[in-house]
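Here is a short report for a reader new to this structure. Have the sequence and the model open while reading.

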Amino acid sequence: AVSYLITWYINKKINAYIQSRRDEEAEVSKGLRYLIRNAMDLAGAKDIRLYGIQGWFKQVGEALIQKEDDVLKDVAKRQLGSAIVSALLVFVRDGAAYALLIYKVIQGEVSVSNFLVYFTMISTFANWISGVLSNYTNLDLDNRGFGDFREFMDHETTVHAGNGAKLPAKDQWPVDIELRNVSFTYAEADEPTIRNVNLKFKAGERIALVGLNGAGKTTVFNLLTKVYKQTRGTILLDGKDTANMTTVQVNQNGIARTFQNIRLFNDLTVEENVKVGLHNHTKYTMAHGILRLPKFWKEEKKAHEKALELLDIFDMADLANHKAGSLPYGAQRRLEIVRALATDPRLLLLDEPAAGMNPSETAELMDNIRKIRDTFQIAVLLIEHDMNLVMNICEGICVLNFGRVIAKGTPEEIQA
């Protein structure tokens, strides 16, 4: 009994120690993921070369890897020590029991047949107790992890959310977008990222936001989609103030976007990624889905047909059952656009859609952007550094510099 209690106590202490190092390990892993993601991101390659930060990436990466290695080694050493102590206790405990049985047999106090019975009983009991302790250890570790999850879920979100404003009828969805004297300052920043921006986008237009890195282009997208809430000014969707709208409601009102970094569900199929964008249009409830009622199958059939229809427009129907993560870079970019179109937007925001593309892929992208406007009759607002693409497909250009609009006009006017 003493040996089992010692084993239980050691495992409990090991679990507590692993838990105490989890935050440190997570912080290191987060830093490594950030470095790896940006080091492999073709869109950021120019910045790495421009500012000569290859050495910094390597130095910080090596330091993080060493720190992660130290944490893992420390945990592994303690686990190894626990395993050795447990093995010694088992050896002493079971060895003493078996030695006593053998002594009894030699002395003639226990027959050979009874020896085998006792031997089996001791082994079975020892294995049962070991299993109980092992399951308890795993349960204790899972319980600690679940405690972290509950703590995270109870943490107040910093994303602008809430009940939001009442949605307008679908036939009143937004057509025009207007920013009036919009400014935005990050919480810990001394200077605003966006300063008194005034812009207006009409239905069916193809407009480009251009400017140097850090000019505030992506911040404008984040303000339009309510990822951020403007510090000052007003954003209007078809004349309606978005101040009380949530990110979801903005999307339901007809604004969809893509991101600088590809954000697909890599382990889902191409069709399943498109279906994610169709969630606004599914009509069945959770009960229909759980019980697989006829309405569930009817809506799923509609979603399947709609997804294939969208994929076919962009020549991706034959890839419907492929994993999204297995697609070439250009095809993944295209899939992101298809998924955004699945939300049935009136305005599509494209954040550096040509980043990392070769000339052939860029030419294909230009054709697809034209196809989007002509096929779906929607407006397209894009951020792009490829000025050849911008000049060839956009009717209007807005130039940002350090958060200020310094020029607006047609491509010809901007070039002049």
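The report covers a helix pair, two asparagines and two cysteines. The model is a predicted one.

**The helix pair**

Start with helix α7, residues 270-277, and helix α10, residues 329-341. The two pack at an angle of about 35°. Their axes lie 7 Å apart. The crossing of α7 with α10 is right-handed.

Which residues of α7 and α10 meet? From α7 come Val270, Asn273, Val274 and Gly277. From α10 come Leu335, Val338 and Arg339. By type, the residues of this contact are 4 nonpolar, 2 polar and 1 charged.

**Two asparagines in strands**

Next, look at Asn181 and Asn196. Phi of Asn181 is positive, near 50°, and Asn181 is not a glycine. Phi of Asn196 is also positive, near 45°, again in a residue other than glycine. The table gives the place and accessibility of each.

| Residue | Strand | Phi | Relative accessible area |
|---|---|---|---|
| Asn181 | β1 (residues 177-184) | near 50° | 42%, partly exposed |
| Asn196 | β2 (residues 194-201) | near 45° | 36%, partly exposed |

Asn181 counts as partly exposed because its relative accessible area, 42%, falls between the 20% and 50% limits. Asn196, at 36%, falls between those limits too.

**Cysteines**

Is Cys394 buried or exposed? Cys394 is buried, at 6% relative accessible area. Cys398 is buried as well, at 3%. Both count as buried because their values are under 20%.

How many disulfides does the model hold? The count is 0, with a disulfide taken as a pair of cysteine sulfur atoms within 2.5 Å.

Note on methods: Residues are numbered from 1 along each chain as its sequence is written. This is a predicted model: local features need pLDDT of at least 70, side-chain atom pairs count only at pLDDT 80 or more; totals for chains, interfaces and linings use all residues. Side-chain values use heavy atoms; hydrogens and water are left out. Buried means under 20% relative accessible area, exposed over 50%, partly exposed in between (1.4 Å probe, protein chains only). Axes are lines fitted to C-alpha atoms, for helices over the stretch in contact, and angles run from 0 to 180 degrees between N-to-C directions. Helices (H or I, at least four residues) and strands (E, at least two) are DSSP runs, numbered from the N terminus. A crossing is left-handed if the near helix is turned anticlockwise from the far one by less than a right angle, and right-handed if clockwise. Contact means heavy atoms within 4.5 Å. Ala, Val, Leu, Ile, Met, Phe, Trp, Tyr, Cys and Pro count as nonpolar, Asp, Glu, Lys and Arg as charged, and the others, Gly among them, as polar.
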